[in-house]
Amino acid sequence: MPLRRLLLATTLLAAASMSAVTHATANRWVVVPADSKIAFFGTHAGAAFKGTFQKWEAAIVFDPANLAAAKAVVTVALASAKTGDTTYDKTLPTADWFDVAKGGANGTFETGQFRALGESKFEADGALAIRGLKMPVTLVFDFVVQGDTAKLIGKTQVKRLDFAIGKGSDASGAWVSLDIPVEVSVSLKKD
């Protein structure tokens, strides 16, 4: 009898492990770059501007039914910020703004805890790191799954002075807005 129990326990454990591996694999998502963007907004001298990051990547594991296992890490090449205005585009990578040369070429957002807000809406607490400074940021997003694809649309707001962005030339916000809304629209496919 003890041998039979041991075999049964081993079989059940192996089945549970296979189920966990299958479940984790099914939750991995790959970004479809041509249909995805990270955009930022603000005002400069009273005029609105919009920019996007041209180069970024994300590792996403997400299942609305298993938020405890959800995880996302987004890495953005800060020098890839484009606004369509050559003056802004040349200024953003400089020492007073993104400080790409010394502060690091990349910004990263790494999630911590996720919460369901109802229907397809969720919230993710995470840490945003720019210029060697790390601050908590919450992303509110919709996540809609359609078969093997999904769409993630979200927004947050970044306080630029938390990361010393533009602190030397415009700490008061007289020229450039202090709060910078960020919006993401990401098309995904199952890995």
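This is a guided tour of a predicted model, moving from a group of aromatic rings to the strands, the nonpolar core and one buried arginine.

**Stop one: the aromatic rings**

Begin by selecting Trp29, Phe62, Phe114, Phe122, Phe141 and Phe143, which ring pairs link into a cluster. A search of the whole structure finds 10 aromatic pairs. For the pair of phenylalanine 62 and phenylalanine 114, the ring centres are 5.6 Å apart and the planes stand at 50°, so this pair is classed as tilted, the class for angles that are neither under 30 degrees nor over 60. Phenylalanine 62 sits in the loop between strand 4 (56-61) and strand 5 (71-77), while phenylalanine 114 belongs to strand 7 (residues 106-118), and with 52 residues separating the two, the pair links distant parts of the chain. Both phenylalanine 62 and phenylalanine 114 are buried.

Keep phenylalanine 62 selected and add phenylalanine 141: these two rings form an edge-to-face pair, with 5.6 Å from centre to centre and 70° between the planes. Because phenylalanine 62 lies in the loop between strand 4 and strand 5 and phenylalanine 141 in strand 9 (residues 133-146), the pair ties together parts that are 79 residues apart in sequence. Phenylalanine 141, like phenylalanine 62, is buried.

**Stop two: strand 2 and its partners**

Next, select strand 2 (residues 37-44) together with strand 11 (residues 179-190); the two run antiparallel and are joined by four bridges. Within this pairing, phenylalanine 40 has valine 182 as its bridge partner in strand 11, and isoleucine 38 stands opposite valine 184. Now add strand 3 (residues 47-53), which runs antiparallel to strand 2 and is joined to strand 2 by six bridges. Here phenylalanine 40 stands opposite glycine 51. The hairpin of strand 2 and strand 3 has two residues between the strands, and in this hairpin alanine 45 takes a positive phi near 55°.

**Stop three: the other partners of strand 11**

With strand 11 still displayed, add strand 1 (residues 28-31), which is antiparallel to strand 11 and joined to it by three bridges; in this pairing, valine 31 stands opposite leucine 188. Then bring in strand 10, which is also antiparallel to strand 11, with 11 bridges between the two. One position to pick out is valine 158, whose bridge partner in strand 11 is isoleucine 180.

**Stop four: the nonpolar core**

The largest nonpolar core has 41 residues, and those with the most contacts inside it are Phe53, Phe62, Phe98, Phe141, Phe143 and Leu188. Strand 11 contributes the largest share of this core, five residues. Centre the view on phenylalanine 53 and, leaving aside residues up to four places away in sequence, look for the residues that it touches, among them Ile38, Phe40, Val76, Leu78 and Phe98.

**Stop five: arginine 160**

Finally, select arginine 160, in the loop between strand 10 (149-159) and helix 4 (167-170). Is arginine 160 buried or exposed? Its relative accessibility is 2%, so arginine 160 counts as buried, the limit being under 20%. Which backbone oxygen does the side chain of arginine 160 reach at 2.7 Å? That oxygen belongs to isoleucine 165. A polar atom of the arginine 160 side chain also lies 2.9 Å from the backbone oxygen of serine 177. To see the surroundings of arginine 160, display the residues that it touches, including Trp97, Asp170, Val176 and Ile180, again not counting residues up to four places away in sequence.

Notes: Residues numbered from 1 in each chain as written. Predicted model: local features only at pLDDT ≥ 70, side-chain atom pairs only at ≥ 80, totals over all residues. Heavy atoms only, no water. Phe/Tyr/Trp six-rings, centres within 6.5 Å; stacked < 30°, edge-to-face > 60°. Buried < 20%, exposed > 50% of the residue type's maximum accessible area, 1.4 Å probe, protein only. Pairing = 2+ DSSP bridges. Core = buried A, V, L, I, M, F, W, Y, C linked by side-chain atoms within 4.5 Å. Contact = heavy atoms within 4.5 Å. Polar contact = N/O pair within 3.5 Å; in protein donor to acceptor, adjacent residues only side chain to side chain.
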